[in-house]
Amino acid sequence: MSPSTYLPADIAATLVNPAAYADDRLHDTYRWLRANNPLGIARPEGFDPFWVVTKHAHIQAVSRQNELFHNADRPTTLTTKTVEQRTRKITGTPNLVRSLVQMDAPDHPKYRALTQSWFMPVNLGKFEARVRTKARGAVERMMAHGGACDFVADVALGYPLHVIMEILGVPEADEPRMLKLTQELFGAQDPDTARFRDTIGPEMFSAMIEAVVKDFGDYFAKITADRRAEPRDDLATVIANGKINGDYLPERDMTSYYMIVATAGHDTTSSSTAGAIWALAENPEQFAKVKANPELIPGLVDEAIRWMTPVKHFMRSATADTDLGSRRIAKGDWLMLCYASGNRDEEVFEEPFAFRCDRKPNRHVAFGYGAHLCLGQYLAKMEMRILFEELLPRLRSLALDGEVKMTQAFFVNGPKKLPIRFELN
Ligand code: HEM
């Protein structure tokens with residue numbers, strides 16, 4: 001008998017509960033879904049119904065059919081009905097910003113082409129020495145803490161931010177502002193990073209997000225003017241001077257472009273970097289293995305990204321009636337791609353709950369799939385590899401030194417507190 005189209009209410013409630021993303025409830029729920037109802041409809045209170053896509057193969061199937069499953073027609077991340085209505089009133093579209101993520105063809109490939117070659121390994125290689133300098137700085141700061149630190153606060157948060165800001169061309173003095181804005185945007189549901197701590201009602205939530213978008217816009221308008229007057233060799237120069245069909249990007253698209261690079265570029269990488277250290281601290285045999293075989297560092301990086309899967313979901317919507325697995329998806333239906341579930345899919349990964357630096361192949365979907373596949377994947381992998389090349393030879397041992405805490409957010413999340421002890425070589 002095929003499972004009911006509609007998912008149980010408690011499962012649906014867990015999927016929209018940010019707190020569940022900070023503990024075991026999330027993976028317990030995904031495991032149940034993969035086993036019992038891998039493609040069903042959730043109808044949680046306050047949200048439009050959405051299909052919950054938990055199998056690796058279905059996530060790939062939806063992601064690669066970019067004509068059939070659009071990004072722009074509905075919110076690209078899980079959004080309450082109230083917030084969506086309000087957003088539509090403000091922008092005339094379901095999303096507050098219009099970055100690559102909120103575009104479909106024909107605009108998407110044109111906008112993506114503006115920066116695509118920047119993010120390719122050939123170009124990024126030019127930045128390797130500068131990234132290594134930042135990595136050494138981060139390692140020295142960690143060493144200065146003696147034998148214990150909070151790896152998130154002391155290393156993982158700052159380092160990817162330094163790297164992306166260097167590449168983008170934001171001065172170091174402005175980095176704290178960028179960090180705060182990103183945390184407010186992505187971690188907005190978490191009581192520790194939310195701008196208004198106690199008010200997570202939908203009205204306040206969208207007011208807060210709007211304020212963050214405006215701050216970003218004001219900041220980057222100045223950068224644009226500067227780079228048009230005096231071009232440099234940074235990514236901001238490419239965005240500020242980029243033209244589509246002969247014109248500069250409209251203001252909203254331009255702010256969105258800066259925002260996606262500035263924001264997607266560090267919280268995600270911070271979470272994966274912290275995830276690697278967390279996993280190594282919990283798995284001493286993996287720590288010993290990668291230390292003895294530094295050629296496994298790229299494998300460590302990929303496994304940490306699979307393990308943590310910081311981007312928990314993106315949404316798509318169907319442009320026509322279609323079949324997916326044994327289900328009939330109707331035109332206009334909204335779908336949640338659960339990357340963290342796909343990355344623990346028992347049919348694809350041997351022992352998916354084990355952390356293995358030498359996992360091969362490692363066909364995770366943490367960077368998505370298809371036309372929207374993460375633009376920054378090579379950058380993320382490069383900066384993590386370089387950090388571990390610098391850090392691991394310095395460490396003799398590594399262990400947890402207290403409780404790990406995760407951010408409470410159903411879009412992007414990862415460790416927010418990772419106390420560790422370490423001995424130096
Ligand atoms: C898109 C994950 C790092 C920039 C995405 C998507 C995911 C993702 C899941 C959506 C893919 C899809 O819809 O198929 C990650 C993870 C990262 C990471 C897990 C770190 C471990 C970065 C970095 C940048 C970046 C360092 C650099 C700027 C982008 C951009 C997009 C994107 C611009 C939109 C691409 C498009 O829609 O065409 N990323 N990302 N990401 N990412 Fe990343």
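**Close-up 1. Arg 385 and Glu 389 pair within helix H18.** In this predicted model, Arg 385 and Glu 389 sit four residues apart in helix H18 (residues 377-391), so about one helical turn separates them. The two form a salt bridge, with their closest N and O atoms 3.1 Å apart. Glu 389 is partly exposed, at 28% relative accessibility. Both residues belong to a wider network of salt bridges, which also links Glu 128, Arg 132, Arg 136 and Glu 390. The count of salt bridges comes to 30. Side chains of opposite charge can pair when their charged atoms come close.

**Close-up 2. A salt bridge joins Asp 401 and Arg 421.** The N to O distance is 3.2 Å. This pair links distant parts of the chain, 20 residues apart. Asp 401 lies in the loop between strand S11 (395-400) and strand S12 (405-406). Arg 421 lies in strand S14 (residues 419-424). Both ends are partly exposed: Asp 401 has a relative accessible area of 36%, and Arg 421 has one of 43%.

**Close-up 3. Arg 74 meets Asp 48 in a salt bridge.** Here the closest N and O atoms are 2.9 Å apart. The partners are 26 residues apart and link distant parts of the chain. Arg 74 is in the loop between strand S3 (69-70) and helix H4 (81-91). Asp 48 is in the loop between strand S1 (39-42) and strand S2 (50-53). Arg 74 is buried, with a relative accessible area of 16%. Asp 48 is partly exposed, at 22% relative accessibility.

**Close-up 4. A shell of 29 residues surrounds the ligand.** His 108, Arg 112, Arg 316, His 372 and Cys 374 come nearest. Polar side-chain atoms of His 108 and of His 372 each lie 2.7 Å from an oxygen atom of the ligand. For Arg 316, a polar side-chain atom lies 2.9 Å from a ligand oxygen. Four elements each supply at least two residues of the shell: helix H5 (107-115), helix H13 (251-264), helix H14 (267-282) and strand S7 (313-318). By class, the shell has 19 nonpolar, eight polar and two charged residues.

**Close-up 5. The second largest pocket is lined by 17 residues.** Its volume is about 420 Å³. Asp 23, Asp 24, His 27, Trp 278 and Arg 344 lie nearest the centre of this pocket. Helix H2 (25-36), H14 and helix H16 (297-308) each give two or more residues to the lining. H2 gives the most, with four residues. The lining divides into eight nonpolar, two polar and seven charged residues.

**Close-up 6. Thr 268 of helix H14 contacts a backbone oxygen.** The side chain of Thr 268 reaches the backbone oxygen of Ala 264 at 2.6 Å. Thr 268 is buried, because its relative accessible area is 14%, under the 20% limit.

**Close-up 7. Met 204 and Val 83 are 121 residues apart along the chain.** Their C-alpha atoms are separated by 9.6 Å. Met 204 is found in helix H11 (residues 202-229). At 33% relative accessibility, Met 204 is partly exposed.

**Close-up 8. Cis peptide bonds precede Pro 106 and Pro 361.** Ala 105 and Pro 106 are joined with omega of about 10°. Pro 106 is placed in the loop between H4 and H5. Lys 360 and Pro 361 are joined with omega of about -5°. Pro 361 is placed in the loop between helix H17 (339-342) and H18. Most peptide bonds are trans.

**Close-up 9. Asn 245 and Glu 351 have positive phi.** Neither Asn 245 nor Glu 351 is a glycine. Most residues other than glycine have a negative phi. For Asn 245, phi is about 50°. Asn 245 lies in the loop between strand S5 (243-244) and strand S6 (247-248). With a relative accessible area of 64%, Asn 245 is exposed. For Glu 351, phi is about 40°. Glu 351 lies in the loop between H17 and H18. At 52% relative accessibility, Glu 351 is exposed.

Notes. Residues numbered from 1 in each chain as written. Predicted model: local features only at pLDDT ≥ 70, side-chain atom pairs only at ≥ 80, totals over all residues. Heavy atoms only, no water. Near = heavy atom within 4 Å. Polar contact = N/O pair within 3.5 Å; in protein donor to acceptor, adjacent residues only side chain to side chain. Nonpolar A, V, L, I, M, F, W, Y, C, P; charged D, E, K, R; others polar. Salt bridge = Lys/Arg side-chain N within 4 Å of Asp/Glu carboxyl O. Buried < 20%, exposed > 50% of the residue type's maximum accessible area, 1.4 Å probe, protein only. 1 Å grid on protein atoms, 1.4 Å probe; cavity = no way out; pocket = protein on both sides within 12 Å on 5 of 7 lines; lining within 4 Å. Points joined across faces, edges and corners; volume = space filled by probe spheres on them.
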